[in-house]
Amino acid sequence: MAAALTSDSLVLLALWADTIQVHALLLDEATLTALPVSTPVEAGRYPALSPSIPHAAWFERMIHDLWGRIAEGGRDQRPWLDHATWPLSSPLAVRPDPPHPPYDPPDPPLSGHDPLMQLPLGPIWGRIEEAAQLRLTLSGKAVVAAESRLGFSHKGTLTLVRGKPPRTAARFAARLSGDCTVAHAVAFAAATEAALEVAAPPRAVALRIVMLEIERIAGHLDNLTEVARLAACQPVRTRCGYLRERLLQTSASAFGHRLMMDCVVPGGLAMDIAEGGPQVILRVLGDISSQLAAVRHLHHGTALSARLTGVGRAGHMRVTALGAGGVVGRASGRRFDARAMTGGYHSLAPRGVVRQDGDAAARQHLRISEIDESLRLISAALDQLPPGPLTVALPQASGEGIGCAESVRGDIWHWLRLDHGQIAGFFPRDPGWALWPLAEQVLQHGLADDADLIRASFALPVSGMDL
């Protein structure tokens, strides 16, 4: 498998484990096919992929902490979620002696260069942000090394869902990441429906698309607001922040929750759109559309554009190797969009926009373009909204399924194994598994003054990876 992953068309999406096996999920981009692969665990060990695929080390560290399985020959054996504070560890989770430091020591500075300095950022940021730590090693203003540390919001989700029926466990999937709650819920529902060989009703599929695209617009507006704040562009910050709040209020009116949490369940939807909801949504979408030209103008030939151009450039080869999707991937020339693999989108024919520059400016331009396309998709889905039921019954059966959804940050994948209607195994792959390693590499070629701007333009998630 390690040799196969050197192929240009195969991407490692995830690694996870259960009691007797370690599983990998691969994506064949040439055929848009997800390929699950498994290998047995023998004496608590399995063959490591990280010597051939370096970013597999992130998953191997997670597997070590949650299942106690050791990647034989792995490049990095340090803890991931367990920050040496867990009262109990798996008997198989043997720590190195002496224990690894939380970060690798930096290389000594070259002769004649500035001495190295370490700048810790987080995990507490002083604002309403997810807890994550980023440590930069600086030579003067230049960043020579960057390393992240996550796990501060570990929730025990994989254990909490085991033994539960899918519709009960859907609440945990929806809370993996608050601003991607619909995307995680849709991926979880799709995995369940694939395992049980059932299909959601057409009305539920159409309303899922509406909710996914509303969530995408809200996420992009939030990111445009944050990047504008860091770049000191008050007009964009004020305008986008106002539009996002209008959209969240509309979501609450139409679906009963600002984030549309718990609306999507395996087999369909938990509730229908409110009476008059489509008209309310279309009204606020018209307002967003009328303001979008001004937001786009402020990103062209202005001080904001000059501040973003050339910052945080992510090369196409790096993006492809890590499987980074969403805005970050498409801004660097990777065309993959999980909507091509999601039910209901085929008739709407999403128009993907791809740029080649790969910098913060390209990512913000792409977000604006994606908002425009999401406006079209929502209008088309509401215009074609079919009547009919919202849910189907779920059989008490066994099976295994994979589901995906395109979130505001990229492709989300859920794997699910059912045993007579109860969850026996579960793993969600959040886009952050590709975005954080990429951000570390990009930061190593930047300036300390740009670190916050790069981090914001990547829209780095945390909670979905902390599980």
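**Two packed helices and a three-stranded sheet**

The crossing of α12 and α13 is right-handed, a term used when the near helix is turned clockwise from the far one by less than a right angle. This is a predicted model, in which local features need pLDDT of at least 70 and side-chain atom pairs count only at pLDDT 80 or more, while totals for chains, interfaces and linings use all residues. Residues are numbered from 1 along each chain as its sequence is written, and side-chain values use heavy atoms, with hydrogens and water left out.

**The helix pair**

- The axes of helix α12 (residues 432–443) and helix α13 (residues 451–458) come within 11 Å and cross at roughly 150°, where axes are lines fitted to C-alpha atoms, for helices over the stretch in contact, and angles run from 0 to 180 degrees between N-to-C directions.
- The two helices α12 and α13 are therefore roughly antiparallel to each other, a label given to angles over 145 degrees.
- On the α12 side the contact (heavy atoms within 4.5 Å) is made by Leu 435, Leu 438, Ala 439, Val 442 and Leu 443, and on the α13 side by Ala 451, Ile 454 and Phe 458.
- The residues of this contact divide into eight nonpolar, no polar and no charged.

**The sheet**

- Three strands form an open sheet in the order β6-β7-β8, with antiparallel pairing; two strands pair if DSSP finds at least two bridges between them.
- Strands β6 (116–121) and β8 (142–149) stand at the edges, each with a single partner strand, so one side of each is left without a neighbour in the sheet.
- From one strand to the next, the twist averages 20°.
- Strand β7 (residues 133–139) pairs with β6 over six bridges in the antiparallel sense, and Thr 137 in β7 is the bridge partner of Gln 118.
- α12 also packs on the sheet, where it touches β7 and β8, and its direction makes about 160° with that of β8.

**Strand β7 and its hairpin**

- Seven of the seven residues of β7 are buried (under 20% relative accessible area, with a 1.4 Å probe and protein chains only), so this strand is largely enclosed by the rest of the structure.
- Gln 133, Arg 135, Thr 137 and Ser 139 point one way from β7, whereas Leu 134, Leu 136 and Leu 138 point the other way.
- In a regular strand the side chains alternate between the two faces of the sheet.
- β7 and β8 form a hairpin with two residues between them, and Gly 140 in the turn has a positive phi of about 70°.
- The antiparallel pairing of β7 and β8 runs over seven bridges, and Ala 142 in β8 is the bridge partner of Ser 139.

How values were computed
Helix = DSSP H or I, 4+ residues; strand = E, 2+ residues; numbered from the N terminus. Parallel < 35°, antiparallel > 145°, perpendicular 65-115°, else oblique. Nonpolar A, V, L, I, M, F, W, Y, C, P; charged D, E, K, R; others polar. Buried < 20%, exposed > 50% of the residue type's maximum accessible area, 1.4 Å probe, protein only.
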